[in-house]
Every structure is written in C-alpha cells, then in structure tokens.
Amino acid sequence: MDVLDQLQSVIATRRGGDPESSYTAKLFARGRAKIAQKLGEEATETVIAAMQDDPAELTKEAADLMFHLLVLLTDAGLSLEDVRAELARRGGISGLAEKASRETK
Ligand SMILES: N=c1c2ncn([C@@H]3O[C@H](COP(=O)(O)OP(=O)(O)OP(=O)(O)O)[C@@H](O)[C@H]3O)c2ncn1[C@@H]1O[C@H](COP(=O)(O)O)[C@@H](O)[C@H]1O
C-alpha cells in the first residue's frame, strides 16, 4: 500500500471521530463547504510557492493540498480509486484531442 492509500485509510477512520483530538475529524465535522474552502486555500498557497520558485515549500504545500483533496473526496463518498480509474481512462488520449472532442459536443 503506498502512502496515499495509507493516508486515505487513516482519513476514512476519522469520519465521526473526535474533533478535539483529530484535525481530520474536525474538518469532517465542519462540513463540505469548509473542507472545500481549505482545499482552495491550500491550492493558493501551492501556487504562491511555485511562483516563488521554492521547491521545499512547494513540496510541503503540495502535500497539504493532496491531504485536503483526499478529505474532500472521502466526504463526497469518493476515493483515490475513482480518480485513478478516471486518469486510467484518459491514458493515451491527448489532452488537446480530449478538449476538441468536448468542444464538438
Ligand atoms: N497529512 C496530514 C496533514 N497535512 C496538513 N494537515 C493539517 O492541515 C492544517 C492546515 O493548517 P491551517 O493553518 O491552514 O489550518 P487551521 O488553522 O488549523 O484551520 P482553520 O482554522 O484555518 O480552518 C494543519 O493543522 C496541518 O497539521 C494535516 N493533518 C493531518 N494529516 C495526516 O492525517 C493523519 C491524521 O491526522 P489527525 O486527523 O489530526 O489525527 C496524520 O497522521 C497525517 O498523516
């Protein structure tokens, strides 16, 4: 099991947990809108780190971003497997070709 799968498992165990002892449980308790807000904040911090050309900070912000994305997916009843399946479905399809097919629909 890789670190993202392990993290997803830990996150799932925190649903309904004690917000006083777990940051993840606190996020779940605050609800989808708050989780989404935190994800947006972490995305902004990731962009800032990238623009400052700071690889160490970018790595940390990317980790924060991925953690909050996993919490949001879990709250929505989705998992890394769903995202992996979507990425696999796109394998071999150029992003440009995929965009063109969307524009003709
Ligand atoms: N990977 C993470 C992780 N990344 C970031 N964070 C937390 O995300 C928070 C982001 O910081 P902020 O200052 O933006 O948030 P805040 O000020 O606490 O929140 P707001 O008041 O702004 O809403 C910090 O508290 C970080 O510790 C994480 N918290 C937990 N994990 C993982 O989740 C596991 C379970 O954690 P708990 O649920 O806390 O037991 C841990 O063992 C880790 O593996």
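Student: Which residue just after H4 takes a positive phi?

Tutor: First off, this is a predicted model, where local features need pLDDT of at least 70, side-chain atom pairs count only at pLDDT 80 or more, and totals for chains, interfaces and linings use all residues. Residues are numbered from 1 along each chain as its sequence is written. Helices are DSSP runs (H or I, at least four residues; strands are E, at least two), numbered from the N terminus. Step just past H4, and the residue with a phi of about 80 degrees is Gly-77.

Student: Which residue other than glycine has a positive phi, near 55 degrees?

Tutor: Look in the loop between H3 (32-51) and H4. The residue there with phi near 55 degrees is Asp-53.

Student: Is Asp-53 buried or exposed?

Tutor: Count the other C-beta atoms, placed from the backbone, within 10 Å of the residue's own: 20 or more is buried, 12 or fewer is exposed, and in between is partly exposed. Asp-53 has 8 C-beta neighbours inside 10 Å, so the verdict is exposed.

Student: What span does H4 reach from its first C-alpha to its last?

Tutor: H4 has 21 residues. The expected span is 1.5 Å times one less than the number of residues, which gives 30 Å for H4. The model comes close to that, at 30 Å.

Student: Which helices are among those that cover the buried residues of H4?

Tutor: The buried residues of H4 are Glu-61, Leu-65, His-68, Leu-70, Val-71 and Thr-74. What covers them includes H1, H2 and H3.

Student: Which element gives the most to the shell around the ligand?

Tutor: The residues around the ligand (C-beta atom, placed from the backbone, within 6 Å of it) are Leu-7, Val-10, Arg-14, Ser-22, Tyr-23, Thr-24, Ala-25, Lys-38, Asp-64 and Phe-67. H1 (3-13), H2 (23-30) and H4 (55-75) each give two or more. With three residues, the top contributor is H2.

Student: How many residues of that shell are charged?

Tutor: Asp, Glu, Lys and Arg count as charged; Ala, Val, Leu, Ile, Met, Phe, Trp, Tyr, Cys and Pro as nonpolar; and the others, Gly among them, as polar. The shell has five nonpolar and two polar residues, and its charged residues number three.

Student: What percentage of the protein's 105 residues is buried?

Tutor: The protein has six helices and zero strands, and its C-alpha atoms fill a box of roughly 50 × 35 × 30 Å along the principal axes. Of the 105 residues, the buried share is 13%.

Methods
Contact = placed C-beta atoms within 7 Å.
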